[in-house]
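Open your viewer, switch to a cartoon view and keep the selection box handy. We will go from stop to stop, each time picking something and looking at what surrounds it.

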Amino acid sequence: MSTVNVRLNVNGVEHSLDLEPRLLLVHALRDQLGLTGTHVGCDTSNCGACTIHMNGEAVKSCTILAVQAEDAELVTIEGLGTEDNLHPMQEAFWNNHGLQCGYCTPGMIMASAALLTENPNPTEHEVRHALEGNLCRCTGYHNIVKSVLDAAGQSSSEVTA
Amino acid sequence: MIPAEFEYTVPETLEDAIRALVDGGEDAKLLAGGHSLLPLMKLRLAAPSLLVDLRKVPGLHGIDRQNGDWRIGALTPHRKLEFATELGLTSRVAATIADPQVRHRGTIGGSLAHGDSASDLPAAMVILEAEVTLQGQGGQRTVAAADLFQDYLTTAVAEDEVLTEIRVPALDGYGHSYHKFNRRSEDWAMVGVCVVVKDSGGTCEDVRIGLTNMASVPLRATAAEEALRGQALSAENIAKAAELAADQTNPPSDLNATTEYKQHLARVLTRRAITDALG
Amino acid sequence: MSVTEAPLGANVGSPLRRKEDPPLITGRGRYVDDIKLPGMLWASFVRSPEANAKITAVDTSAAVAREGITAVYVGEDMSDLGGPLPMAWAPPGVQVNNPDHWPLARGAVKHVGDPVAVVIGEDRYAVQDATEDVIVEYESLPAIVDPEAAIAGGPFVHESLGTNKVHEWTLAGGDVEQGFAEADVIVERRVVNHRIAGAPIECRGVIADYRAGSLTLYSATQVPHFVRLFMALLLGLGEDHVRVIAPDVGGGFGQKLQVYGEELLACWASRKLGLPVKWIETRSENMSVAHQGRDQISQVKMGAKRDGTITAFHVKILADFGAYNMILTPLIPSLGAFVMGGCYKIPNVQTDITGVFTNKCPTDAIRGAGRPEATQMIEVTVDQMAHELGMDPLEIRRKNFIPTEDFPAATATGVVYDSGNYHGTLDKLMEHVDVAEFRAEQEQLRTEGVYRGIGFCTWTEICGLAPSRVTGPAGVGVQAGLWESAMVRVHNTGAVTVYTGTSPHGQGLDTAMAQIVADRLGVDPRVVEVIHGDTSMGPEGRNTYGSRSLATGGEAVVKATDKVVAKAKAIVAAELEAAAEDIEVADGRFSVKGSPDKGMALADVAGVAYVGAVPEGMEPGLEETTFYDPENFVFPFGAHACVVDVDAETGKIKVLRYVAVDDCGPAINPMLIDGQIHGGVVHGIGQALYERVHYDDDGQLITGTFVDYALATAAELPSFETDRTETRSPVNSMGVKGVGEAGTIAASAVVTNAVIDALRPLGVEYINMPLSPMRVWNAIHNSEGASPEGGLSS
């Protein structure tokens, strides 16, 4: 098993890793760097649970080799916000019950956050199509879509605190 | 699911990439965005011995207008095409590929070189009469899109060649449309029909119709095109022409659609796509 | 919209945002694959590519020789197991054919994906590589895939049985033949309820860690306590030496209500190797070997008088169980039989069930488990009957509803529905849906070539699985009591920990239970921690499935909390020299009625309890345990409507609108109820329109990945409209019922009815799911020659 040295910039931190070329980026993040918030839900690039940001764009880290991510700026769910300093999209998912089991949630939040970067005022139709690469079995998407629209300031917030 | 082991190299020039490809032999593969190849490798339906990663090779990106043509670098991701609406049909087709994450990584060159007739761009390239530039050990050549796709997952790209750019005639003055029929928005096309049409005062000056997933290669519905070209663009004429869209096709049945159903869809979608392109 | 805070004492009923969420939205959840143990090995399975074959040889030598590979095992290596994998249904007086089912095949494979060998080694990737070096020789045998062919004869999945029949079971009330004799009109349909997958986004996964005589198993399971019991029994360990932990679990939908061979194998191998063993299922594996659901073909017959009065309903179900019985496989269709009359007063109802083996993945409970199938049969047939009679589909429903004043209402089969107000939910639905306006619009659109349809479903179901006297060995025959436990502990500081025997995995029970406890103890729900999913924490439990967690587990929490409150009141009464009955909980304090200044905070009460300054004869401490076994099931109900457009040229269906009015009793947290409905509805819409597990005639799985097994995405769906009525259940003190499966139980029938409504002008009177574009197009295309069964091949 030959390895190559790869520098990965994840959540603003530079890592130098000796990796098999075939190592998938999602496994490098999870198994090598301990960033287990990025999940795996399929083997065919359908479910989107592994969605992270690569140079600001939403990508599926299960369909990228870790070596391909060299020189890129990667952000995972852990780098988006913390419990003490939530990203507005995380807050919106919490306020709108945009998650149940939580497994698809990091990918959903990352895809949704990237959407608002590209299109800050999406319609419901645009939100739904922007999330066509993320599967959720719990929520029926209703509250996910509501969360994204809320984060975009498109529905009135009734959160009392 | 994870890929089988392979060797990996990331050359910094096109020459080095071609050399690596040649040295790697028949089991060497180019890696662009990886969104056609890696899924196959993860399911172990493909197991190349060497991957030559093109990401550091300069000059393979970007979209430029050069006179009547668009020049698109092979590593241009679908998402960039989607946002470049001035590309017309190419942009519209790219916007239907899979999902945003896949479109961020998947590239036009990778998709065309992969040669899957169920993917969306090949038929569009055929009717736009695009050409691809192939750079190999022996130099550079140009191949028309119509000659690029030879069979299922088989293209004219030789083992030592890199698809470097795509030249797409701009077809100013044409209307365009792509009707992709699938069960879910993120799915592959069950059948897709792309159309460019030039309306000259109510008469069809030119029409070109491409069919996705109707054969092992993208098809052009020539009988339908011929029936409409030169005719008045009436609903009736469009409908008549569309009835010919599936002529000479024999698409294989699969889980979601039989041969007969695919042919039916091709006819319906052709009528809708022409109408839409004129709209 | 959720809220973060409700006034003290008023948490129940508020849409509090969830306690569960902060770690999950920040990537700090802890699912099985997130856990690493020192020295941990990885397992990967060699699985059968054959649907039916004898294993003639297995050569593991090349795999064992690979670097980093610790061991390769085949079925014969596991001869020390205490028995085969469990099937826990033994109904009195019913013969159930139940062939041995082992974690690794012994001499034969019975479906694609059946495990033949396991490779264990040091690295996730290396073990998968090594599976390709295990050489298995098979002698192929003909596979039987079609359940109707399988029940008619061979080849037999299990040769030694000499039949593919698993069992026969009937539940009857009244006399259906008499009922049909009294009917003016009889409608018969062949209702196909195709096979679907559970498809939680987290696949299954385990880590087994056996050391020093004790086993710890982390598993992505809904049922840690059941898993512990069977790991103990099959490995010959005391239950006290087996700890099963369900950490964060990424959805279950019934698929994780199981005791799986992979769980047992990991435990067995960890014991053998002395190191932790981890297995994480791939999606491709999950689609081929994790149990699936539905797959019933039913002959359905309904009789009614000219005025719409339904006189009899008789269904004959052929249920395809796949290759083996899993833990509850043959019971699943029976769950539908209990509510086969739906919400109608039908004097004569009979359900005849035949189970059959085929060379496919086993079936078992998937969200709704038997009840979506029953609802499909009832609600689609009621619509068909209305059309036969020329009646409005809502009128026939109203005519036959069990009257509200009848509750608790015994049905023909003797099942007693706890409470209901079916007119109430339908009335509420009509506040959202203007049928007259819709019909006018529909008529207009048809002239424009747009085929729009509306469908309705008024349904009830049976859930809150318990009571033990009915479900248990002497009743229906489940070899377990299905009560639930809770323990409530008030700490020295006044913080509260609740241990529930349920094992939620996304439903929001942490929040709902905290709301319940907080109100009763007068504290903020944020100081109430809810612990579940760990068999070494809290009392024995019966876990989460069958929409039971609130009606059984929640009520157990109420009872345990009430015991704590009673003790606290006694302590306060002694401290304040008042009578215990004069102590009330208000504004976060235990105070004397009429003297609000005289009182103690819960922390102060706990302080007294833990320093032991309690009244004479009272034990110190402030924690209580309850085991709660209800008197009856609970029966949620609702009225749903759906509007669809059918593209008549292509057969493609689009759901335009979905309105769900549900009644699951008083809401503890209405936001959570809506969330359950949304997800459940999409599971049902998904089955109706997109999802189907498909095997070819040779038993090869065609839908082996998420490419071909089509879960709906956000792009295919509309937002939903939900509303509620609240009819209390008399079964528990909160009056609550379950809601986890409700949406799924209703939705596929609603969508089917809407599609048929849209298609009628095109000559289609009936069509079975899946309503894929090609099937719908075929139905339209062939409508002149279509049979009423609509049994088109796909």
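Leaving aside its neighbours within four places in sequence, which residues is G261(C) in contact with? Select G261(C) and you will find L85(C), W102(C), P103(C) and P115(C) in contact with it. Before you go further, please keep in mind that this is a predicted model.

**Stop 1: around G261(C)**

Stay on this glycine for a moment. G261(C) belongs to helix α7 of chain C, which covers residues 261-273. Is G261(C) buried or exposed? It is buried, because 24 other C-beta atoms lie within 10 Å, and 20 or more is the cut-off for that label. Now add G612(C) to the selection and draw a distance between the two C-alpha atoms: G261(C) and G612(C) are 351 residues apart along the chain, and 49 Å separates them.

**Stop 2: a helix pair in chain C**

Next, select residues 371-389 of chain C, helix α10, together with residues 742-759, helix α19. Their axes come within 8 Å and cross at roughly 30 degrees. That is why α10(C) counts as roughly parallel to α19(C). The crossing of these two helices is right-handed.

Show the side chains where they meet. On α10(C) you should see R371(C), P372(C), T375(C), Q376(C), E379(C), V380(C) and D383(C). Facing them from α19(C) are T744(C), I745(C), A746(C), S748(C), A749(C), T752(C), N753(C) and I756(C). If you colour this contact by residue type, it comes out as six nonpolar, six polar and three charged residues.

**Stop 3: a four-stranded sheet in chain C**

Now for a sheet. Select strands β18, β26, β27 and β28 of chain C, which form an open sheet in the order β18-β26-β27-β28, with mixed pairing. The edges are β18 (451-460) and β28 (721-724); each has a single partner strand, so one side of each is left without a neighbour in the sheet. On average, neighbouring strands here are turned by 15 degrees against each other, ignoring direction.

Zoom in on strand β27 of chain C, residues 653-663, beside β28(C): the two run parallel and are joined by four bridges. To see one pairing, pick V659(C), whose bridge partner in β28(C) is E721(C).

Then bring in the helices. Helix α18 of chain C, residues 670-689, packs on the sheet and touches β27 and β28, with its direction making about 140 degrees with that of β27(C). Helix α12 of chain C, residues 422-432, lies across β18, β26 (637-646), β27 and β28, running at about 35 degrees to β26(C).

**Stop 4: where chain C touches chain A**

Keep α18(C) highlighted and show chain A. The contact involves 49 residues of chain C and 51 residues of chain A. Which helix gives the most to the side of chain C that touches chain A? It is α18(C), with six residues. α1 (21-25) and α8 (283-289) of chain C also supply at least two residues each. The residues on this side of chain C divide into 21 nonpolar, 19 polar and nine charged.

**Stop 5: over to chain B**

Chain C also touches chain B, in a contact that takes 15 residues from chain B and 20 residues from chain C. On the chain B side, helix α11 (residues 259-278) brings the largest share, three residues. That side of chain B consists of nine nonpolar, three polar and three charged residues.

With α11(B) selected, add helix α10 of chain B, residues 235-242: the two pack at an angle of about 145 degrees, with their axes 8 Å apart. Their crossing is right-handed. Here I238(B), A239(B) and A242(B) of α10(B) meet R267(B), T270(B), R271(B), I274(B) and T275(B) of α11(B).

**Stop 6: three strands in chain B**

Finish with strand β12 of chain B, residues 191-200, where seven of the ten residues are buried. Seven bridges link it to β11(B), residues 175-181, and the two strands run antiparallel. β12(B) also runs antiparallel to β13(B), residues 203-212, with nine bridges between them.

Click on V196(B) to see both pairings: H176(B) is its bridge partner, and R208(B) in β13(B) stands opposite. Last, find G201(B) in the hairpin of β12(B) and β13(B), which has two residues between the strands; this glycine takes a positive phi near 60 degrees.

Conventions. Residues numbered from 1 in each chain as written. Chains lettered and ligands numbered in written order. Predicted model: local features only at pLDDT ≥ 70, side-chain atom pairs only at ≥ 80, totals over all residues. Contact = placed C-beta atoms within 7 Å. Nonpolar A, V, L, I, M, F, W, Y, C, P; charged D, E, K, R; others polar. Buried ≥ 20, exposed ≤ 12 C-beta atoms within 10 Å, placed from the backbone. Pairing = 2+ DSSP bridges. Axes fitted to C-alpha atoms, helices over the stretch in contact; angles between N-to-C directions. Parallel < 35°, antiparallel > 145°, perpendicular 65-115°, else oblique. Left-handed = near helix turned anticlockwise from the far one by under 90°.
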